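Good morning, colleagues. I should like to take you through one chain, beginning inside and then moving outward.

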Amino acid sequence: MSASLSMGQPARPARHRPRWALTLARGRGLLVAVAVFVALFMVVAAITPGPFSYFELSFMSSGGATLALAAMGQTFVILSGGFDLSAGAVISLVNVVLATWMGPSIGSQVTMALAALAIGGLVGAFNGFFVAFVRLQPIVVTLSSMFIVQGITLLIMDKPGGMTPPEFSMFLTGDAMPELLPAPIVILAVALLIWFLIKNSRFGTGIYAVGSDEESARAAGMSTRAIKFWTYTLAGLFYGAAGAFVTAQTGSADPLIGRPMLLQVFTAVVLGGTMLGGGRGGAVGSLVGAYILMIVVNILLVLNVSAYYSSVVEGAILILAVLVGSLNRHSPIAEYLRLGVLKLRAWRAGTLAAAHPSAPFTPKLSAPAAKAGLVRPSWLERHRHTLRFVLPAFAGAAIVLLATHLIYGNTLTNPSYFNSLLVLSSFLAILALGQGAAILTGGLDLSLPWMIGLIGIVTADLISGSDMSALWVVPFGLLLGIGLGALNGAGIVFLGLPPIVMTLAMNGILQGAALVYSDGTPAGFASPTQRWLMTGSFLGVTPVIWLLVLFVAVALLLLNRTAFGRRVYAVGNSPTVAKLSGVGVGGTLIGTYALSGFCAALVGILLSGFSGQASLGMGDEYLLPSIAAVVVGGTLITGGRGHYAGMLGGVLLLTALATLLAGTTLPSAVRDIILGLVVLAAVLALRERHA
């Protein structure tokens with residue numbers, strides 16, 4: 001009991017923070033974003049000759065409007081606790097639709113502008129349905145829809161082209177009031193008005209409530225499913241508006257125009273103070289963040305810095321923004337520092353548990369049990385649950401092989417077909433181990449495309465056709481992949497970054513690094529041994545198949561017969577329980593992403609040997625298949641359940657399906673659509689019943 005109470009004095013009332021202080025604390029992220037924007041604006045004014053004019057105002061407002069609209073849409077999703085990876089794909093689809101079918105008449109322009117919003121809203125409703133009502137993970141749903149929409153876009157237009165009427169461009173990017181008010185400012189003002197109306201409505205309150213604590217929101221009587229559905233639909237409407245605006249800016253179409261925007265959108269949202277995970281932030285900050293990013297890129301251009309550095313800067317800014325926004329005494333890095341200090345003190349005092357290892361415990365069968373002659377269950381009974389999720393992938397692969405034989409003939413009896421099938425499967429089988437381990441821990445590795453690309457470009461350049469150089473370059477490339485993967489894991493563990501954000505940012509950084517290293521044109525080529533490994537013959541088959549057999553054996557042992565494998569499953573089932581059970585969660589995650597980096601590096605080296613040289617974007621086509629193979633193989637997308645044998649079955653199924661489709665007249669874009677649908681179907685069929 002305190003002295004004041006013991007002396008009979010009344011206790012002082014608790015101090016309450018004034019209302020303005022609470023408002024200031026909630027809006028800290030926005031205030032910081034505004035301060036950064038003002039500072040950068042002053043830098044631009046200082047390095048740009050002449051005073052700030054109406055032309056600069058019009059140019060700046062138009063240059064950042066597309067990203068601002070897309071970031072505002074993403075803000076709604078993140079505030080509700082989700083992620084939307086389909087934003088860039090929707091922008092591309094709207095762009096090609098408008099540039100393909102918009103006519104010169106006013107009626108056509110208005111109709112197509114409304115169609116842009118409708119397209120975005122429909123894709124958003126598609127995402128919202130599976131997230132809200134089917135209860136699938138937002139990441140896998142929006143990743144699948146991203147590839148489906150991307151495939152549809154390429155079916156409509158597979159290369160830049162098309163044209164929009166100049167009146168449409170002038171209406172959106174010209175002057176609302178000549179020499180006084182640019183039209184993009186009016187468009188953004190309308191978007192902000194919509195944001196404020198929604199934020200102050202019951203629906204807006206529900207978005208924040210669901211993002212803060214969905215269970216509490218449901219207990220309070222909120223229709224959380226309806227809120228989630230309309231949140232994704234609303235986000236899609238903003239993406240549609242962004243697609244219409246970028247079409248007005250360019251006056252034509254590019255089916256890949258939205259692809260680089262995904263990293264930019266997340267960066268703008270985080271820069272604006274919106275907290276990943278939901279519940280705090282707003283669209284105003286995202287708008288400011290979009291213009292901060294635009295100004296940074298413009299400053300680099302004014303300083304004659306190569307445009308290749310832009311994705312490096314964007315990825316670094318995203319990581320730094322999340323780090324600054326989460327730095328506090330309860331952040332993961334602060335907790336690890338405190339834990340390190342405590343361990344150091346215990347080590348000095350000689351009380352560290354590791355310094356006094358206990359004798360290993362060896363369980364023994366009791367005498368009564370031994371006498372009872374207990375019968376061990378059969379192998380089938382022990383693995384019944386695992387086989388339930390593993391066998392469907394192999395059954396599907398068998399069906400596809402049979403269909404291929406019926407369509408083309410001489411398939412099942414042709415050894416060269418199976419040889420080619422296994423060679424093509426080798427890349428995906430290797431990636432499935434790394435991506436599968438990441439998914440088993442409850443994460444995802446989106447950095448695979450440019451991890452493959454960077455390692456392939458660097459090693460091919462250093463090898464330059466020399467087997468002697470390959471002796472040290474190949475190990476160097478594998479170590480580089482391990483190190484970059486470990487950086488992914490360190491960011492997730494020590495900085496508390498969500499895996500999707502950390503690996504997406506890393507993918508952008510690696511893309512910029514590959515462009516800077518190669519100056520946009522990769523040089524060098526594979527050594528003769530690399531070429532022999534991928535295209536030669538040894539004991540009747542391509543040599544890489546023997547490497548694949550060895551890799552599969554090691555992968556099965558690693559995930560199912562080692563302590564590391566058991567820790568991976570433990571972390572995926574529950575990081576908290578694993579931590580309380582003595583599992584080093586942080587070390588396991590770093591090791592998992594280091595393994596993924598190793599697998600990506602190995603694929604980059606093999607791919608350069610397969611084609612003879614490395615190329616930009618050589619890993620782009622492996623992101624969704626690496627996830628699809630894991631999911632189709634029965635691995636739970638939320639982690640904790642799966643088997644590498646099932647992943648291997650998924651690899652064979654997808655490769656056989658791709659081989660079957662390659663022999664048809666279907667466009668290659670259909671492959672993305674089919675893969676996206678396959679992932680959705682697999683997640684839906686194999687999800688946990690209680691989900």
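**The core, the surface and a charged network**

Leucine 98 touches Met112, Ala116, Thr164, Phe168, Ala244 and Thr247, leaving aside residues up to four places away in sequence; contact here means heavy atoms within 4.5 Å. Please bear in mind that this is a predicted model, in which local features need pLDDT of at least 70, side-chain atom pairs count only at pLDDT 80 or more, and totals for chains, interfaces and linings use all residues. Residues are numbered from 1 along each chain as its sequence is written, and side-chain values use heavy atoms, with hydrogens and water left out.

Leu98 belongs to the largest nonpolar core, which has 192 residues; together with Tyr644, Leu98 touches the most other members. Helix α20 (residues 415-440) supplies the largest share of this core, 14 residues. By nonpolar core I mean a set of buried Ala, Val, Leu, Ile, Met, Phe, Trp, Tyr and Cys residues joined through side-chain atoms within 4.5 Å. Buried means under 20% relative accessible area, exposed over 50%, and partly exposed in between, with a 1.4 Å probe and protein chains only.

For the chain overall, 49% of the 691 residues are buried. There are 31 helices and 2 strands; these are DSSP runs numbered from the N terminus, helices being H or I of at least four residues and strands E of at least two. Among contacts between residues at least 6 apart in sequence, 80% join residues at least 24 apart.

Let us turn to the charged side chains. Which residues are joined into one network by salt bridges that share partners? A salt bridge is a side-chain nitrogen of Lys or Arg within 4 Å of a carboxyl oxygen of Asp or Glu, and by this rule the count comes to 4. Arginine 218 meets glutamate 215 at 2.9 Å, N to O. These two residues are 3 apart in helix α11, and so are separated by about one helical turn. Glutamate 215 is exposed, at 53% relative accessibility. The network consists of Glu214, Glu215, Arg218 and Lys228.

Within that network, glutamate 214 and arginine 218 form a salt bridge of 3.1 Å, N to O, and arginine 218 is partly exposed at 30%. Lysine 228 also pairs with glutamate 214, with the closest N and O atoms 3.1 Å apart. Because lysine 228 lies in helix α12 and glutamate 214 in helix α11, this pair ties together parts that are 14 residues apart in sequence. Lysine 228 is itself buried, with a relative accessible area of 15%.
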